[in-house]
Every structure is written in structure tokens, then in C-alpha cells.
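Let us walk through this structure one feature at a time. Keep the 3D view open and find each residue as it comes up.

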Amino acid sequence: MATERSSGTIVKVSGPLVVARGLSGSRMFEMAKVGGLGLLGEIIEIRGDQYSIQVYEETEDIAPGQPVEPTGQPLSVELGPGLLQSIYDGVQRPLDKLMAGYGEFIVRGAEAAALDREKKWAFTATAGVGDEVGPGDILGTVPETELITHRIMVPPNVSGKIDSIKSGDFTVEETVAVIVDKDGGKHECALMQKWPVRVPRPIDHKLAPITPLLTGQRIIDTLFPVAKGGTACVPGPFGSGKTVVQHQLAKWADADIVIFIGCGERGNEMTDVLMEFPELTDPKSGRPIMERTVLVANTSNMPVAAREASVFTGITMAEYYRDMGYSVALMADSTSRWAEAMREMSGRLEEMPGDEGYPAYLASRLAGFYERAGLVVALGKEQRRSSVTIIGAVSPAGGDTSEPVTQGTLRVTKVFWGLDDQLAFQRHFPAINWLTSYSLYLDVTDPWYDEEVYPDWSKNRRQAMLILKKEADLQELVRLVGMDSLSPADRLLMEAARLIREDFLNQSAFDDIDTFSSRKKQALLLDAILHYYAVALKHIDEGAELASMLDLPVMEDISRAKLIPEKELDARFADLKIKIEKAIKESAAPE
């Protein structure tokens, strides 16, 4: 029996926090309509007859004595055909429909359905009358875009025998199948489901991530890979390129679906995303990349309370496509803004503050978000293997990664891409510091790369890291006594490290060829650089002059190798290695 709920009255307004009385029967995280405009809010604390509500819109003109109406429902998202190519705000209101209905500025209290109620979708039934079905079983398919087939699934809480099902054109609300459970109850299934954002969608079981996520960024894929179903943290100070890294990953990651959440970011950065993404082309299919993308935009000038909602809205949509069997990459930029919103709401609730004023539950909230990533076997007879990979940017104040948000994130993520503003000032992008970053997936990704991509992948990766670390040690000596104090072998190592830094790790996001490197290209490029180092070191050990090895014309060919087109890799890199050997041999030969 449904609980009787009563309307309440506002007794206090403190920014986005509204306190009401009289909401008997209402529960935690239930949605409510606040004030005469019916602003959307969520109950986040109950003390006796006092209900604290965080409002997802500006509370100007809201005053004590105004009404509050409970909805009886938690914050939920609509899941169905039409999600892809959409741009939502933090509570899943479609921004294009809001603009069409209310103009360029969102009017408070504006409402619009997340999924189009008028559009008809072509549903093709794949299950039949009399079939026994359970949670996650596929009833049929809808061609959502040219790239993605939307699989209509039995809701997680429904099982039984199909009483009726039909193919045809339907809106998202129309019934396409009726399932009768063992007690005789009938469940009408439409193309659309609703799901509370704070509740993880159920799965059959989780698996250990083993397959690397291809990002096309050499420093990430080669040195610090993230596995499909894994988690990564991208902290860095202002101007170090967090947003550019997130954009690159969203464009080029080899996930089937991309969910990009702009959580509290500057309006001009979100504008770049919203204008750029519809113009991008998917590298695999040649189709617009928006056909497999959902954007959630919650800029810094929007109400702070909606920042937390935007993060959970995005992860719930990611889980929905994961349940269909797709691999999903979710980019959250930036979780620091979400944490700041939590700190503000916690202060208004007069909770006991934790480190740096953040609430004591900051770490558990971060963990609850990142733990929704994973490689899973989804519900359903098909035993679909799918994944959600979460990559969260963190904006620590002053670049101090010892602050609570970064540390709370690092406790639950397995990859750390530490951005360095000094590298960014030197125009080295991606500005990921190779000496401080790490990946805990190397033990599982190295064997995969060795078997599937290049036999010497892991050996070359380890050697490259060793050269970079030795270079950092030698830099201290060079600063004290100069380059001439180094042995020929050490000076050659410094040159090899320069090639790795400038010609392998440095990558232009704005060059049509260099913006993306395939795994094969990454392997061949690093192998060519290390081949130069190995051949030159051999001749130096045999008595050759170092100077002749450092100023070879072939060095320019090595520097330009990253611009070799994908179709020419094998022949061009084979020729390059031969050219390297010949040039070094000729320079080392006595005159």
C-alpha cells in the first residue's frame, strides 16, 4: 500500500537549501516541487518534521510560507531510444527543447520530457509469445542511430511468460509487450524504462578487466593504460590540459558509447564541446560521432545542487547501455566541482565538516560513483559481456594533489594521469608527467599487448620508462656540472630520452594525423626510437665518436615518423629502421 503523503510549507531558505515542514510520509531522496514555480528539489535530510531539500534551480523569490509538493518518486532518468545525440542538463532536461520552448535562457521551473513523446521508433520483436523471460532478456531491437542498435530489455524487476508482443512503430510510452508473472500479474513493457539514479542497475556478476581501452594517446596507451571497465583519475592545476585530455578520450576511445559529463566546468569550455562534437566524425565508421554520444552539460553558472545530479544521471545512462552489451566510456569533468557542491550543501545543513571543510562522507560518495564502473556479465540469457570505464578529472586548488578530493579519488581508481603545468607551459601535450603517473593495470594489459599487438611491446615500454627515469637523475648532474661531464653513453641516453619525450610522448590534438595513433603505430614508433638508441650505443661501446651519432639526417626522419599515415606503417617503418642502421654505420666508420 502506498504511503499517504501530505503537502508541506517552506520555513527556511538558505541558497539552494530549502527547509519545509509538514511533508509527512515523504522519504530520503524523494523529489519535491518547491514554491509557486514548482522548482525541482530532492529531500536530503529529515529531522523530525523538518525536511531539508536541495533545489536544482535558483531559489530567488522563494520564501517561507510557500508550498512544497512531494512527488513520491526519487530522482530518476528516462532510459530508451533517443538518448544518443541528446544534450541534457544535470537533471536530464533536454537543452535543445528548453531553448525551443523558453528561449536562450532556461526559465526556472521549466519542464521538458527527456525522451521525445511524439517520435515513433521501428521496433522489431526478437522474442515471441509464450517465451519465458527474465530481467535483462532482450524483447526486440530499435535502430536508434546508424551506429547503435538499441536493445529493448525486460526491466530488472520483471520476469514471466510473454503474453503478447508485436513489431511495428511505437512511441517510447506505448506498450510493445505484456509479460505475465507466476502470480498472474501483468506487466506492460514499453520502449522506455525509468530508473533511480542513486541505485546501481543490477548485473549478473563482475569480471576482472583485462582488455586495454584504446585512446589513441601514446603516453596513455603505451605507458599508463586503462582497461575497459577500469577507472582513471586525471588531476591537474588550472591550465594543464585536463579538459583537452578528456575531449581527446571522448573523441577517440574505442568504446561503443561515450557519455561526457561537464560538471561545473566553465561555460566557454562546455560551449566548445557542444559546438565541436556534432561536427566530429567517428574514425571507425565515418559517421557523426554524436550518433554514439550523450552529453550532460552542467556549467559553473548553473545551480550547484545539480552538479551531483549530473554525475549520477550520466552513470545511470552508462549502465543502461552497458546492460545492452555495449562498452561505455564515461568522462566526468570535473569531480572537484561536484565535491565543492557537496561541501556547500553540507555547510548549509550544518554538518560536522571533515578535512578542508568537505563532508565526512566525501570519500564514500566518490567510491560509490567509481565503483559503478566495471567489466560485467549483464543480466539476461545471452550472458552479454560489457563494460563501463570511468575517467574522472580532478581540479585540485593550486595543483595540490594531497587535497581530499584527489586523495579520495586515488583510493578507488587504478590509474593516475598526473598533469603538470610546467609541461603545459613548455607546450608539451598531453601534459601528463611520466615520472609521477602510474597504472595498476600493467600486469593484465602487458600480456594482451604482447600477444595481440607487438611481441616486444612490454619490453619496449619498460625500457622507455627506464630511460626517462635515468634522464631525470642525470638532469640533476647536468644542472650542477654541465652536459660535458657525462660519459658518451649517458649523453646518448639523454638524446634517446629527448626523442621519447618530444617525438613519442608529445602529441598534437590539432594535427589531423597526430591527434590519434593506433596501437600498431605506437609500437612501431617507440621501437624505431629504441632501435636508434640500441644501434648507436653498440657503436659507441666499440669506440665510435658520440658527436657523429647526434647530428644525423635520419634524426629528422625519426621525428617525423609520428606523421606517417596508418596505411603506410609497415613499409615506412621497416625502411626507417634500415635507414637508421645505415646512417649510424656510415657515421661510425673511420674516414
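Start with a lysine and a tryptophan. K119 lies over the face of W121, and the distance from the ring centre is 4.1 Å. Keep in mind that this is a predicted model. A second charge sits in a similar setting. This time the charged end belongs to R343, and the ring beneath is that of Y358. Here the distance to the ring centre is 4.2 Å.

Now turn to rings that meet other rings. How many aromatic pairs does a search of the whole structure find? The search finds nine. One of them joins F369 and Y370. Their centres are 5.0 Å apart, and the planes make an angle of 65 degrees. An angle over 60 degrees counts as edge-to-face, so this pair is edge-to-face. Are these two residues buried or exposed? F369 is buried, and Y370 is buried too.

Next comes a pair with another geometry. The ring centres of F416 and Y438 are 5.5 Å apart. Their planes stand at 40 degrees, so this pair is tilted. Where do the two partners sit in the chain? F416 belongs to strand β25, residues 415-416. Y438 belongs to strand β26, residues 438-439. The partners are 22 residues apart, so the pair links distant parts of the chain. Look at how well each one is covered. F416 has a relative accessible area of 9%, which makes it buried. Y438 reaches 30% and counts as partly exposed.

Go back to F369 and Y370 for a moment. Ring pairs link them with F312 and W338 into a cluster.

Move on to the surface. L477, L480 and V481 make a nonpolar patch there, with an area of about 310 Å². V481 lies in helix α11, which covers residues 457-481. Its relative accessibility is 51%, so V481 counts as exposed. The cut-off for exposed is over 50%.

Finish with helix α13, residues 519-541. What span should its 23 residues have at 1.5 Å a residue? The expected value is 33 Å. The end C-alpha atoms are 33 Å apart, so the two agree. Is this helix mostly covered or open? Of its 23 residues, 18 are buried, so α13 is largely enclosed by the rest of the structure. After α13 comes G543. The phi of G543 is positive, near 110 degrees.

Note on methods:
Residues numbered from 1 in each chain as written. Predicted model: local features only at pLDDT ≥ 70, side-chain atom pairs only at ≥ 80, totals over all residues. Heavy atoms only, no water. Phe/Tyr/Trp six-rings, centres within 6.5 Å; stacked < 30°, edge-to-face > 60°. Buried < 20%, exposed > 50% of the residue type's maximum accessible area, 1.4 Å probe, protein only. Helix = DSSP H or I, 4+ residues; strand = E, 2+ residues; numbered from the N terminus. Lys NZ or Arg CZ within 6 Å of the ring centre and 35° of its normal. Patch = residues over 30% accessible without salt bridge, like charges linked within 9 Å, V, L, I, M, F, W, Y side chains within 5 Å. Areas by Shrake-Rupley, 256 points an atom, 1.4 Å probe, with all protein chains shown as cover. Salt bridge = Lys/Arg side-chain N within 4 Å of Asp/Glu carboxyl O. Expected span 1.5 Å × (residues − 1).
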